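Good morning, and thank you for making time for this presentation. Please take a moment with the sequence and the structure before I begin.

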Amino acid sequence: MTSQPRDAPQFYLTSPSACPYLPGKEERKVFTHIVGRRGRELNEILTQGGFRRSQTIAYRPACDTCRACVSVRVLVEEFEPSGNLKRVLKDNADLIGNALPNRPTSEQYSLFRHYVDNRHADGGMADMTVLDYSMMIEDSHVDTKLIEYRRRGIDSGITGKGSGDLIAVCLTDEMSDGLSMVYSFYAPEMQHRSLGTFMILDHIRRARAMGLPYLYLGYWVEGSKKMGYKARFKPQERLLANGWARVE
């Protein structure tokens, strides 16, 4: 009689539900748990295979008739920002990001609620309590950091830290081959700064400084306005039927 090790992954399939990206479509997901002593190794293997992490769950689309969700990773070393992206960097040159342990704070949750209520009031996170938020941040068996963005202060050149109000936050996984942006949010009244784009550009810079080849951005969905921005960061690789394929 044989048995699987306790930390061997087992995969499950969700029931069909409405697709959040393409009207009239249904989605299904395959998922597994990232727990145990092999958590980091498993997360890296699954991320490289097109999965995304949410707390201790790794999932990827498994829709019967649609393959629109495509995993995307930026080729960090070769990336050069376009004119528009350079303007985003210039507009946010007064901000600085500080990498911290994945510990939730009341300031973060206040910004998170402000962001969700203004940008995604009808989304799946609209009802998240402070406990739900804490679980999203802390519940991880992999190497996870929080990048907090604030304005540069008079001593930022010495401390490497910003000061003043919290402006944006990104929950980021650190892997052996790259960084993976799990979830980000920001002050919605500063939409003119393109803070979501700025955080991606900053993470490209961070990955390059760490000698990591990739920045994982999750899913690009052709035809979805929500996900169209990810196509701006090239060269990139997209996970297709025959593996990762370069896109210029």
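I shall speak about an annotated domain, the pockets, the cavity, the nonpolar core and, lastly, one glycine.

Please keep in mind throughout that this is a predicted model.

Let me start with the annotation. An unreviewed UniProt entry lists residues 17–87 as "domain: N-end aminoacyl transferase N-terminal". Over that stretch the chain is 21% helix and 34% strand. The C-alpha atoms at the two ends of the stretch are 39 Å apart.

I turn now to the open spaces. The largest pocket has a volume of about 1,800 Å³. Its lining is made up of 42 residues, and those nearest the centre of the pocket are Tyr21, His120, Met125, Tyr183 and Met227. Which elements supply at least two residues each to this lining? They are strand S5 (52–54), strand S6 (57–61), helix H3 (106–119), strand S11 (178–186), helix H6 and strand S12. Strand S11 gives the most, with five residues. By class, the lining of the largest pocket holds 22 nonpolar, 11 polar and nine charged residues.

The second largest pocket contains about 330 Å³ of space. It is lined by 22 residues, of which Pro61, Cys66, Arg67, Ala68 and Cys69 lie closest to its centre. Two or more lining residues come from each of strand S3 (26–27), S6, S7, S12 and strand S13 (236–240). Strand S7 gives the most here, with three residues. The lining of this second pocket divides into 15 nonpolar, two polar and five charged residues.

Next comes enclosed space. How many cavities of 30 Å³ or more does the model have? The count is one, and about 50 Å³ of space lies within that cavity. Its lining consists of Thr47, Gly50, Phe51, Arg52, Ser71, Val72, Tyr216, Gly218 and Trp244. Strand S7 (69–75) and strand S12 (214–221) are the elements that give two or more residues to it. Four of the lining residues are nonpolar, four are polar and one is charged. Strand S12 thus has a part in three linings: that of the largest pocket, that of the second largest pocket and that of the cavity.

I move on to the packing of the interior. In soluble globular proteins, nonpolar side chains tend to be buried together. In this model, the largest nonpolar core has 47 residues, and the members that touch the most others are Phe112, Phe185, Ile204, Leu215, Leu217 and Phe233. Helix H6 (residues 195–209) contributes the largest share of this core, seven residues. Phe233 may serve as an example. Leaving aside residues up to four places away in sequence, Phe233 touches Val74, Phe79, Leu85, Thr197, Ile200, Leu201, Ile204 and Leu217.

Finally, let us consider Gly162, which is placed in strand S10 (residues 162–174). Is Gly162 buried or partly exposed? Gly162 counts as partly exposed because its relative accessibility is 23%, whereas buried would require a value under 20%. Apart from residues up to four places away in sequence, Gly162 touches Ile96, Arg150, Arg151 and Ser156. One of these partners, Arg150, is 12 residues from Gly162 along the chain, and the two C-alpha atoms are separated by 4.8 Å.

That concludes the presentation, and I thank you for your attention.

Technical notes: Residues numbered from 1 in each chain as written. Predicted model: local features only at pLDDT ≥ 70, side-chain atom pairs only at ≥ 80, totals over all residues. Heavy atoms only, no water. UniProt positions renumbered as here; feature names shortened; annotations may be inferred. Helix = DSSP H or I, 4+ residues; strand = E, 2+ residues; numbered from the N terminus. 1 Å grid on protein atoms, 1.4 Å probe; cavity = no way out; pocket = protein on both sides within 12 Å on 5 of 7 lines; lining within 4 Å. Points joined across faces, edges and corners; volume = space filled by probe spheres on them. Nonpolar A, V, L, I, M, F, W, Y, C, P; charged D, E, K, R; others polar. Core = buried A, V, L, I, M, F, W, Y, C linked by side-chain atoms within 4.5 Å. Buried < 20%, exposed > 50% of the residue type's maximum accessible area, 1.4 Å probe, protein only. Contact = heavy atoms within 4.5 Å.
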